[in-house]
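Colleague: I'm new to reading protein models. Could you walk me through how two chains meet and how charged side chains pair up?

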Amino acid sequence: MTLDPGAFAYVSDLVRRESAIVLAPGKEYLVESRLLPLAREAGLADVDAFVARLRTAPDRNAVRSVVEALTTNETSWFRDGTPFEAFRTTVIPDLLQTPAHRRISIWSAACSSGQEAYTIAMLLAENVLPLGRSAEILATDISTEMVERTRDGSYGQLEIGRGLPAPMLVRHFQRSGTQWRVNDQLRAMVRAQQLNLADQQWPYLPVFDVVFLRNVLIYFDTATKRSILQRVRKVLSPQGFLFLGGAETTLGIDDAWTRSTVGGFTLYRPITGGTHGTTPTISPSLATTTGR
Amino acid sequence: MRALVIDDSRTMRMLLARQLSGLGYDVLQAGHGQEALDLLETLDGELPVLATVDWNMPVMDGLTFVQQVRSRVEWRGISLMMVTTEAEHEQIVRALAAGAHDYLIKPFLPEAFVEKLNFLGLVPRRVEA
């Protein structure tokens, strides 16, 4: 990502004037990643073009959208709630049906600072590891800074306050000065590495039982979304699960997926060659609707 | 639905009360644990479903209040959330062991409070923080 320095200066000045929040040099990644969905929505190719338009015609709605995008911390534990409830109540029991010697493998793609990966790790630590199963989570992000943060697993007070229930905090974190650090058991489960989903070639990836690809497709154009979803199918077990963000879908982009709604959340599973058009089994009591 | 905000800081009470009112709660307030207990004893009408509880307060601290509420079976429907500057691991464990359902450390982002309420099922209609 290469945000024009002038565009960054303009946006950081705008946000400072509007919200008193200072975007220090080095936050170009944040500006680019948060404003890209707005640029796409406006039909523009990139953030530079979006900022250029904003500079020439700074209408109030656009300014407010920019400020909100840059001042809302979107990363929280158990973000959005229902996906993790679906994971706990439907996906974990399904994973436990796999042969006992198999290690359960999960990918948190676009992991940001690691909250999603460690949320998954907490659920596995409480519901899978006590049954003698092992599990690993690959956490990837385009930003090496985010990868390092995930690897470190340390979070400030404000970050810890976002959606993490206190019983889970005391079970899985240790306080260290002003920071809280995830315990060794969780960190041993999570492996963090840099990966750009938009790259045509991904590094070698194992076969995953579950892929969390949430709130990241919105940053890409349709062709890139399709390419990513097709490649996710290649690294996802035929019986695996895909989690997307609430505003994302495979429909009309890559139709080789079935959908099941669990507790108001949509789970995706690949249509395998031999079972094309059928939905892999989810307990009828848990799956409220099925279809493509 | 009713909520009870217990804090010796008037500013903090106002801040929490404003958020809870915005979610549709009828908000009661108390400046310390004993005042909150007295209020619950003499309350006319429905009990609160939620109490936010500061730890350090004059007369009766928040931990004692939590223990007192948990000793009364008729008050078991009240969810208790500590909202405090006390941030030690061991203190959170003590509060949970005493019967608090959740624990929010000050300072916090307003959306963090709503997220905790969501998790406890205490937002009448789910609100995305």
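Modeller: Sure, we'll go through the interface, then the salt bridges, then one odd glutamate. Keep in mind that this is a predicted model.

Colleague: How do people put a size on an interface, and what area do chain B and chain A bury between them?

Modeller: The general idea is that the size of an interface is often given as the accessible area lost when the parts come together. Here, chain B and chain A bury about 1,600 Å² between them, and 63% of that is on carbon and sulfur atoms. Three residues, B:His89, B:Glu115 and B:Phe119, supply 31% of the area that chain B buries against chain A, more than any other three residues.

Colleague: How many residues does each chain bring to the contact?

Modeller: Chain B brings 21 residues and chain A brings 19 residues.

Colleague: What about the polar side of things: how many residue pairs are in polar contact across the interface of chain B and chain A?

Modeller: There are eight such pairs. On the side of chain B that touches chain A, the elements giving two or more residues are α4, β5 (102-105) and α5 (110-119) of chain B. The largest share, five residues, comes from α5(B). Sorted by type, that side of chain B has twelve nonpolar, two polar and seven charged residues.

Colleague: Charged residues make me think of salt bridges. How many are there between chain B and chain A?

Modeller: First the idea: side chains of opposite charge can pair when their charged atoms come close. Between chain B and chain A the count is three salt bridges. One pair to look at is B:Glu88 with A:Arg175, at 2.6 Å from N to O. Over all chains, the count comes to 20 salt bridges.

Colleague: Which parts of chain A does the salt bridge of A:Asp209 and A:Arg102 link?

Modeller: The side chains of A:Asp209 and A:Arg102 meet at 2.8 Å, N to O. This pair links distant parts of the chain: A:Asp209 sits in strand β7 (residues 208-213), while A:Arg102 is in the loop between α5 (82-95) and β1 (104-109), 107 residues apart. A:Asp209 counts as buried because its relative accessibility is 4%, under the 20% cut-off. A:Arg102, with a relative accessible area of 29%, is partly exposed.

Colleague: And where do A:Glu148 and A:Arg151 lie?

Modeller: Both are in helix α7 (residues 144-152) of chain A, three residues apart, which is about one turn of the helix. Their side chains form a salt bridge at 2.8 Å, N to O. A:Glu148 is partly exposed at 45% relative accessible area, and A:Arg151 is partly exposed at 42%.

Colleague: Can you show me another pair?

Modeller: Try A:Asp254 and A:Arg233, which meet in a salt bridge at 2.9 Å, N to O. A:Asp254 is in the loop between β8 (236-244) and β9 (257-262) of chain A, and A:Arg233 is in helix α11 (residues 222-235), 21 residues apart. A:Asp254 is buried, with a relative accessible area of 6%, whereas A:Arg233 counts as partly exposed at 26%. Salt bridges can also share partners: A:Arg162, B:Glu111 and B:Glu115 are joined into one network that way.

Colleague: Now the odd one. Is B:Glu86 buried or exposed?

Modeller: B:Glu86 is buried, yet has no salt bridge. The nearest side chain of opposite charge, B:Arg94, is 8.1 Å away. B:Glu86 lies in the loop between β4 (79-84) and α4 (89-98) of chain B.

Colleague: Which residues does B:Glu86 touch, then?

Modeller: Leaving out residues up to four places away in sequence, B:Glu86 touches B:Trp55, B:Asn56, B:Gln91, B:Tyr103 and B:Ile105.

Definitions and conventions. Residues numbered from 1 in each chain as written. Chains lettered and ligands numbered in written order. Predicted model: local features only at pLDDT ≥ 70, side-chain atom pairs only at ≥ 80, totals over all residues. Heavy atoms only, no water. Helix = DSSP H or I, 4+ residues; strand = E, 2+ residues; numbered from the N terminus. Buried < 20%, exposed > 50% of the residue type's maximum accessible area, 1.4 Å probe, protein only. Lys, Arg positive; Asp, Glu negative; His and termini not counted. Salt bridge = Lys/Arg side-chain N within 4 Å of Asp/Glu carboxyl O. Contact = heavy atoms within 4.5 Å. Buried area = accessible area lost by both parts, 1.4 Å probe. Polar contact = N/O pair within 3.5 Å; in protein donor to acceptor, adjacent residues only side chain to side chain. Nonpolar A, V, L, I, M, F, W, Y, C, P; charged D, E, K, R; others polar.
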